[in-house]
Amino acid sequence: MKESGNPLFDFILFGGSGDLALRKLLPALYHVYRSNPFQPGTRVVCVGRSLTRRDVFLERVEAKLQQYLPVESWDEVSWQQFSKHLHYVSIDAHKSESYRALREHLSSDQRPRVFYFSTHSSLYGQIASSLGSHDFITPSSRVVLEKPIGRNLASAQTISGQMSNYFTESQIYRIDHYLGKETVQNLLVLRFANPLFESLWNHHYIDHIQISVSESIGVESRGEFYEETGALRDIVQNHLLQMLCIVAMEPPSNLDPDRIRDEKLKVLRSLRPLQDGNINHQVVRGQYTAGIVDGKECLGYCEEEGVSDSSNVETFVALKVLIDNMRWSGVPFYLRTGKRLPRRSCEIVVQFKEIPHWIFATAKGQMMNNQLVITLQPNESITLKLCGKRLGPGMDVRTIDLNLSPSVRGNKRSPEAYERLLLDVVNGDQTLFLRQDELEEAWSWVDPILQHWESTSAPPEYYAAGTWGPAGATLLLAQDGSVWYEGVK
Ligand code: BG6
């Protein structure tokens, strides 16, 4: 066995048998283990509600890992070794006395204790207070708060108050797994290590920017969660706004976590507020109806399990966002996310302005203006679309793709976002986590949209599963003379 580079730690996962744990967190820990086996004695303690035996729980995890891991990542020997570190404890989060059961699973040395809260965020305060009353929180403890943290600004502030009774800010890790994606970090390098880009990165040269998170899946088994959440809270308030911050922020003076967070905060503070007057013109709220995705028939949102048949909850949002500062004055940022779209993809597209004076024979209208396409998924890539000469006589121009993707990895797997972030927590690095003021600023910006929707009885715009969202989303860009980037078909 390879020598472990991971420090000893205890990882206590609340919501340990939930969807996120089984789909992302335990697979990520398994990958961390495979790259660098844990030190003997490292514990991953999954906390769930049901009275399940450890062996039954392990069978369930094994089945889910086989389902969610890429085939080449699964191996029986690693699983056998990894599973020795897994424990299961049944706790009723509402009953403080039931936390006693956790004691025997925690080590008594000074190792980092990571408490990961992956339950409904309304339980975070109760969990922290029960951990506190049992003296489980040590100076080397950390708490990870899964998003969405709260349902609005007020509830996010309440949770913050509850956390601060037990943890200092340096112990709190507000996670947004999009910041753990390799290409998001690569974007920081692209912007701040290349004067070429930094000098063009402003309203003089950029026409607009699009950021899209599209999913082909529906709400799956999370109907109840989604009914309370919707796409605005699930993706826009966190993933989309965080990516917008990384694209739009000023260069930080160094990579210190707070310097980066200061710059992101300034972007959030510069977002032009969306209020009753402009929400209907700048925000599109959609919901999928039955349709066909990947050749398979899919139910409409209102027919999904756990969803009310008259639900108005949005499964799609498109927005036009303006940033009121010197760099971005007049440059629209179009954000879009939706479930049951034709495919899973995530792209940031920087559309440059057109050349002021065109001298070539090829009609200018046939050419695409320079475009930087940063693809986060399904495959990571960065491509710059430029004009080049067509081979042969004459001066015909065509669009050429310059590939700026990270150097070829060979067979090396690109780590999943959660792998990187979970290790950062264990190692005490807060760079890719949100500070409370950022979280509050994001909620302050999103709240008026939520309130506006709550105050209206108008239904969302419907779109058939397997299409790119409602007509309103196309119109949002068409009225500015643009179209959504739909990637490589
Ligand atoms: C989560 C959302 O934060 O991100 C899910 O709650 C969504 O609804 C998921 O499916 C998408 O993450 P990824 O990494 O698969 O794009």
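The legends below describe several close-up views of a predicted model.

**View A. The open sheet of six strands in the predicted model.**
The strands of this open sheet follow the order β3-β2-β1-β4-β5-β6, and their pairing is parallel. At the edges stand β3, which covers residues 86-90, and β6, which covers residues 172-174; each has a single partner strand, so one side of each is left without a neighbour in the sheet. From one strand to the next, the twist averages 20°.

**View B. The pairing of β2 with β3 at one edge of the sheet.**
Strand β2, made up of residues 43-48, runs parallel to β3, and five bridges join the two strands. Within this part of the sheet, V44 stands opposite L86, a residue of β3.

**View C. The crossing of helices α1 and α11.**
Helix α1 spans residues 19-35 and helix α11 spans residues 417-426; their axes come within 8 Å and cross at roughly 70°. Because angles of 65 to 115 degrees count as roughly perpendicular, α1 and α11 are described as roughly perpendicular to each other. The crossing of this pair, α1 and α11, is right-handed.

**View D. The crossing of helices α8 and α12.**
The axes of α8 and α12 come within 10 Å, and the angle at which they cross is roughly 140°. That angle makes α8 oblique to α12, while the crossing of α8 and α12 is right-handed. Both helices return in the next view, since α8 (223-248) and α12 (436-455) each supply at least two residues of the lining of the largest cavity.

**View E. The largest cavity and its lining.**
A search of the whole structure finds five cavities of 30 Å³ or more, and the largest cavity holds about 70 Å³ of space. Its lining is formed by K147, I149, R174, I175, D176, Q237, N238, L434, L439 and A442. Sorted by class, the lining of the largest cavity comprises five nonpolar, two polar and three charged residues.

**View F. The second largest cavity and its lining.**
About 40 Å³ of space lies in the second largest cavity, whose lining consists of L145, I149, A156, I159, S160, M163, I172, R174, Q436 and L439. Helix α5 (153-164), the strand β6 and helix α12 each supply at least two residues of this lining, and α5 gives the most, with four residues. By class, the lining of the second largest cavity has seven nonpolar, two polar and one charged residues. A reader moving between the two cavity views will find I149, R174 and L439 in the lining of the largest cavity and also in that of the second largest cavity.

**View G. The second largest pocket.**
The second largest pocket has a volume of about 570 Å³. Its lining is made up of 28 residues, and those closest to the centre of the pocket are K353, E354, I355, N370 and C387. Helix α7, residues 195-200, and strand β15, residues 381-389, each supply at least two residues of the lining of the second largest pocket, with β15 giving the most, namely five residues. By class, the lining of the second largest pocket has 17 nonpolar, six polar and five charged residues.

Conventions. Residues numbered from 1 in each chain as written. Predicted model: local features only at pLDDT ≥ 70, side-chain atom pairs only at ≥ 80, totals over all residues. Heavy atoms only, no water. 1 Å grid on protein atoms, 1.4 Å probe; cavity = no way out; pocket = protein on both sides within 12 Å on 5 of 7 lines; lining within 4 Å. Points joined across faces, edges and corners; volume = space filled by probe spheres on them. Nonpolar A, V, L, I, M, F, W, Y, C, P; charged D, E, K, R; others polar. Pairing = 2+ DSSP bridges. Axes fitted to C-alpha atoms, helices over the stretch in contact; angles between N-to-C directions. Parallel < 35°, antiparallel > 145°, perpendicular 65-115°, else oblique. Left-handed = near helix turned anticlockwise from the far one by under 90°.
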